[in-house]
Amino acid sequence: MSSTAPVLAAVLALAAGTYAFRLAGPLLHGRVELSPRVRTLLSAGAVVLLVALLATGALTESHAFAGWARPAGVLAGGVLAWRRAPFAVVVLGAAITTAGLRMAGVG
């Protein structure tokens, strides 16, 4: 039972931190003014983070290259989203592209 105490403490600490971050937004709204430069940098940082997560998820699996089918599916989904297709069409288009390439023997 004593081995679960540190895990429980860590979970509770992370939960408290998450709650504090969520609470900070409404509490600080209007009290903290960010310069236009900081707003621009925060926007660019969010885009870079999302692209990095997308690239990692699309290109790697178990610390190795995922094969060409998955990035092709992500590309197909991206093109459909760019063309403003409905979300279900984007997801199905990406899945069908990936599955079709895998069935054709493309990794």
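Start by selecting helix 1, which gives the most to the nonpolar patch: four residues. Helices here are DSSP runs of H or I with at least four residues, strands are E runs of at least two, and both are numbered from the N terminus.

Before you go on, a word on what is loaded. This is a predicted model, where local features need pLDDT of at least 70 and side-chain atom pairs count only at pLDDT 80 or more, while totals for chains, interfaces and linings use all residues. Residues are numbered from 1 along each chain as its sequence is written, and side-chain values use heavy atoms, with hydrogens and water left out.

**The patch**

Now select Tyr19, Leu23, Leu27, Leu28, Val32, Leu34, Val38 and Leu42 and turn on a surface: they make a nonpolar patch of about 720 Å². Patch members have over 30% relative accessible area and no salt bridge (a side-chain nitrogen of Lys or Arg within 4 Å of a carboxyl oxygen of Asp or Glu). Nonpolar side chains (Val, Leu, Ile, Met, Phe, Trp, Tyr) are joined within 5 Å, like charges within 9 Å. Areas come from Shrake-Rupley with a 1.4 Å probe, and for residues only the protein chains shown count as cover. Helix 1 (4-28) and helix 2 (36-59) each supply at least two of the patch residues.

Zoom in on Leu27, which sits in helix 1. Is Leu27 buried or exposed? Neither: it counts as partly exposed because its relative accessibility is 49%, where buried means under 20%, exposed over 50% and partly exposed in between (1.4 Å probe, protein chains only).

**The whole chain**

Zoom out and colour by secondary structure. You should see four helices and two strands, in the order α-α-β-β-α-α along the sequence. The C-alpha atoms fill a box of roughly 55 × 50 × 25 Å along the principal axes. The chain has a radius of gyration of 21 Å, whereas a compact globule of 107 residues would have one near 13 Å; that is taken over C-alpha atoms, with the globule rule being 2.2 Å times the number of residues to the power 0.38. Of the 107 residues, 10% count as buried.

**The far end**

Next, pick Val106, in the segment after helix 4. What does Val106 contact, leaving aside neighbours within four places in sequence? Trp68, Ala69 and Leu101, with contact meaning heavy atoms within 4.5 Å. Add Arg70 too: its C-alpha is 9.7 Å from that of Val106, 36 residues apart along the chain.

**Confidence colours**

Finally, colour by pLDDT, the predictor's confidence in each residue from 0 to 100. The chain mean is 93, and 98% of residues reach 70 or more.
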